[in-house]
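The exercises below ask you to read a protein model step by step. Try each task with the structure in view before you turn to its solution.

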Amino acid sequence: MKKLYLLLLVLYSAAIGAQTPLTAELMWQFKRISEPQVSPDGKLLIYSARSYSIKDNKGASVLYLYDLEKNTQTVLLDSVTNPMQARWRPDGKKIGFMCAKEQGVQLWEINADGSGLKRVTNISGGINWYKYSPDLRHIAYGQDVKLDKTVQDIYPDLDKVDARIIDGLMYRHWTQWNDYTYSHVFVATYQEDNLINTGKDIMAGEKYHSPLHPFGGEEQINFSPNGKLILYTCKKLYGTQSAYSTNSDIYVYDIDGATTTTLKDCSPGYDNEPQMAELMDGKVGKVAWLSMERAGNEADKNRIMLSDLYAADGHILHNDAQDITKDFKYSVESFVWSPDKDKIFFISTINATNQIFEFDLKSKKTTQITSGQHDYNAVVPYKVGKTLMMIGMKNSMASPAALFKVDLKGTETPLENINSSLYQNIKWGNVVKRMVTTTDNKQMLTWVIYPPDFDSTKQYPTLLYCQGGPQSAVSQFFSYRWNFQLMAAKGYIIVAPNRRGLPGFGSEWNDAIMNDYGGQPMRDYLSAIDDVAKESYVNKDKLGAVGASYGGYSVYYLAGIHNKRFKCFISHCGMFNMESWFGTTEEMFFAKNDNGYYWQNTANYEKNSPHKFVKNWDAPILVIHNEKDFRVPISEGMQAFTAAQSLNIPSRFLYFPDEGHWILKPQNSILWNRVYFDWLDMWLKN
């Protein structure tokens with residue numbers, strides 16, 4: 001027994017010794033888990049895992065089937081099929097999914113044992129998403145409909161012209177120019193043995209999108225439990241009106257009557273993701289949805305509204321909606337009904353972590369289910385007999401997404417993790433929560449990430465991470481671009497403060513950034529780096545500041561006010577000249593809400609635009625910007641680089657012609673990281 005123990009100890013030590021630091025190449029080997037879905041009987045789980053090939057510069061998905069009773073899993077659909085949006089059919093007998101196997105992207109079905117593969121739709125041009133009705137009488141699906149005229153449509157004789165005639169804003173969005181089409185909701189009769197060749201456009205002739213462009217999906221459209229109604233999200237505004245407003249509403253389409261009404265009690269802001277439930281007494285169908293109260297504020301508190309919608313006889317009701325999160329001070333990320341429709345589970349950011357909460361419809365009480373230094377980003381409730389359970393998708397700064405069983409007490413049981421073998425062979429740095437006192441005597445939660453094998457007797461170069469958004473939490477995310485563990489593996493300490501303007505600390509903290517981009521948030525950044533720099537293991541002569549989007553703005557701004565703190569900067573897709581940015585961005589409600597019009601709110605632009613402080617720049621700066629970024633157009637990065645070069649400040653410009661606001665392609669990501677770390681090492685390690 002003693003010899004066996006020694007052998008195991010040697011093997012364990014060898015395994016530990018074989019661990020390697022995280023690299024960008026290793027990071028792209030992780031399979032990215034998403035879309036967990038439990039079968040109606042609570043016995044089987046399906047989920048998607050996307051893998052990427054650096055050589056081929058693309059990714060593909062695999063669909064896994066997990067037996068929740070046996071704790072075993074198999075591949076149901078491989079990467080050649082590349083399935084999308086896999087969902088259990090309401091009767092649990094088949095699994096629907098989309099793929100581009102034949103005739104474009106169509107709906108297919110397969111049995112849980114891998115047999116019975118067949119195509120369900122034959123829609124000309126393919127579909128964007130799909131949804132089964134609970135009674136399996138219909139499916140809803142999405143398709144783009146051309147409603148705008150091109151120059152060639154207007155002037156057929158000018159068939160070689162490459163031009164646009166534009167009469168209003170929102171002519172381009174995030175990464176794409178308007179392609180003259182609009183995403184519409186269609187409904188078709190579902191018959192298991194017959195191909196669906198066509199459906200009815202329930203938004204015929206309307207120049208609006210449902211789901212909302214460009215990131216909305218099938219979660220924004222749902223059937224009523226009786227299968228007679230379709231509830232869909234739409235912002236029925238066009239052109240410049242659409243650019244200046246967040247006012248989306250919930251619409252109710254009666255399939256039999258072919259009529260559309262607006263759900264009562266929609267707010268002036270975003271109303272989104274309607275989900276209906278027929279209560280156990282069978283008397284009333286209730287609808288819950290996400291709602292933001294204030295028009296134009298994309299980062300307003302997201303509430304859960306609850307209302308009756310129809311009675312047992314099918315009569316449509318419009319009772320006054322109630323905000324069930326009225327006494328909950330945090331914003332809701334997503335929600336789902338329990339199987340018995342007596343609870344609503346939701347995810348919210350609280351104190352820089354994403355946790356699962358429960359709202360009980362009987363007691364009207366909200367309870368926090370999970371806690372800890374992690375993020376839950378998906379929750380799927382299901383029943384095992386009479387026991388209510390959940391599948392949660394969880395990650396942290398030191399671990400990519402994995403699936404867990406979670407009970408109502410918050411007890412977590414990990415499922416078999418397809419990333420385990422890779423994860424266990426990597427050295428991870430320690431992540432520590434640190435409370436920093438700000439200049440106005442507030443307590444600011446700041447994450448500090450240390451290098452693997454950290455030695456407090458040594459000194460380390462240290463990076464201030466500036467978060468984008470500007471109202472996006474520095475939670476326990478595992479990023480495939482701004483990966484803190486990757487930076488730590490390169491020998492850097494990272495300081496990541498939850499500065500003013502970030503969610504998870506109440507509306508007052510979240511709203512404090514408005515009209516003050518360059519004020520208290522900048523002082524918060526400096527408070528964080530100054531506090532951590534007091535530690536003996538921080539090399540105060542080797543500090544850098546990095547960030548993207550508003551974080552890139554922050555880097556440009558700090559470069560003009562940092563008072564010799566930093567030795568180098570890196571800004572990715574940051575706003576540089578706030579006036580020119582206002583005139584070239586696309587979602588005007590965001591720009592107007594946070595800063596106002598530059599020709600009216602002149603003092604605000606004067607004090608908050610980084611380009612006003614360029615004369616104080618004195619440290620090397622790397623500018624990264626992407627051609628297809630229409631949120632922060634490339635001219636912002638070009639202006640910053642021109643300023644640095646004109647001032648003879650050491651500077652470099654990394655340009656990506658095929659990326660938008662993010663870096664999504666594998667080889668681009670590898671290059672991004674190589675240039676990023678080359679720049680940091682040049683100025684902070686030499």
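A salt bridge is a side-chain nitrogen of Lys or Arg within 4 Å of a carboxyl oxygen of Asp or Glu. Keep in mind throughout that this is a predicted model.

**Exercise 1. Salt bridges across the chain**

Task: Decide whether the side chains of D453 and K427 meet in a salt bridge, and then describe where the two residues lie and how exposed each one is.

Solution. Begin with the distance: between the side chains of D453 and K427 the N to O separation is 2.8 Å, and the pair is a salt bridge. Next, locate the partners: D453 belongs to the loop between strand 34 (443-449) and strand 35 (460-466), while K427 belongs to strand 32 (residues 426-427), so the salt bridge ties together parts that are 26 residues apart in sequence. Finally, turn to accessibility, for which exposed means over 50% relative accessible area and buried means under 20%, with partly exposed in between. D453 has a relative accessible area of 59% and is therefore exposed, whereas K427, with 24%, is partly exposed.

Task: Carry out the same kind of analysis for K343 and D360, and then for R631 and E587.

Solution. The side chains of K343 and D360 form a salt bridge with an N to O distance of 2.9 Å. This pair links distant parts of the chain, since K343 sits in strand 25 and D360 in strand 26, 17 residues apart. K343 counts as buried because its relative accessibility is 12%, and D360 counts as buried because its relative accessibility is 14%.

For the other pair, the side chains of R631 and E587 meet in a salt bridge at 2.8 Å, N to O. R631 lies in the loop between strand 39 (621-626) and helix 13 (635-646), and E587 in the loop between helix 10 (578-582) and helix 11 (588-595), so this salt bridge ties together parts that are 44 residues apart in sequence. Both R631 and E587 are buried. Elsewhere, R89, D91, E109, K118 and E192 are joined into one network by salt bridges that share partners. A search of the whole structure finds 32 salt bridges.

**Exercise 2. Strands and their partners**

Task: Work out in what order the four strands of the open sheet are arranged, and which of them are the edge strands.

Solution. The order of the four strands in this open sheet is 10-11-14-15, with antiparallel pairing. The edge strands are strand 10 (130-132) and strand 15 (200-201), each of which pairs on one side only. Now look inside the sheet, where strand 11 (residues 138-146) and strand 14 (residues 181-189) run antiparallel and are joined by nine bridges. As one example of a bridge, A140 has V187 in strand 14 as its partner.

Task: Examine the two hairpins, and find which residue takes a positive phi in each.

Solution. In one hairpin, strand 24 (residues 332-337) and strand 25 (residues 343-350) pair in the antiparallel sense over five bridges, and V336 stands opposite F345 in strand 25. Five residues lie between strand 24 and strand 25, and in this hairpin K341 takes a positive phi near 60°. In the other, strand 26 (residues 353-360) and strand 27 (residues 365-368) are antiparallel partners over four bridges, with F359 matched to T366 in strand 27. Here four residues lie between the strands, and K364 has a positive phi near 65°.

**Exercise 3. Two serines and a surface patch**

Task: For S133 and S248, establish whether each is buried or exposed, and describe the surroundings of each.

Solution. S133 is located in the loop between strand 10 and strand 11, and its relative accessibility of 0% is why S133 counts as buried. Leaving aside neighbours within four places in sequence, S133 is in contact with P90, H138, F223 and G227. The side chains of S133 and D135 are joined by a polar contact of 2.7 Å.

S248 is found in the loop between helix 4 (240-243) and strand 18 (249-254), and S248 likewise counts as buried because its relative accessibility is 0%. Not counting residues up to four places away in sequence, S248 touches several residues, including L212, T233 and Y270. A polar atom of the S248 side chain lies 2.9 Å from the backbone oxygen of D271.

Task: Identify which residues make the nonpolar surface patch of about 420 Å².

Solution. The patch is made by I154, Y155, L158, V161 and I165. I154 is placed in helix 3 (residues 151-154), and I154 counts as partly exposed because its relative accessibility is 38%.

Key: Residues are numbered from 1 along each chain as its sequence is written. This is a predicted model: local features need pLDDT of at least 70, side-chain atom pairs count only at pLDDT 80 or more; totals for chains, interfaces and linings use all residues. Side-chain values use heavy atoms; hydrogens and water are left out. Patches are made of residues with over 30% relative accessible area and no salt bridge: like charges are joined within 9 Å, nonpolar side chains (Val, Leu, Ile, Met, Phe, Trp, Tyr) within 5 Å. Accessible areas come from the Shrake-Rupley method with a 1.4 Å probe; for residues, only the protein chains shown count as cover. Buried means under 20% relative accessible area, exposed over 50%, partly exposed in between (1.4 Å probe, protein chains only). A polar contact is a pair of N or O atoms within 3.5 Å; within protein, one must be able to donate a hydrogen and the other to accept it, and residues adjacent in sequence count only if both atoms are side-chain atoms. Contact means heavy atoms within 4.5 Å. Two strands pair if DSSP finds at least two bridges between them.
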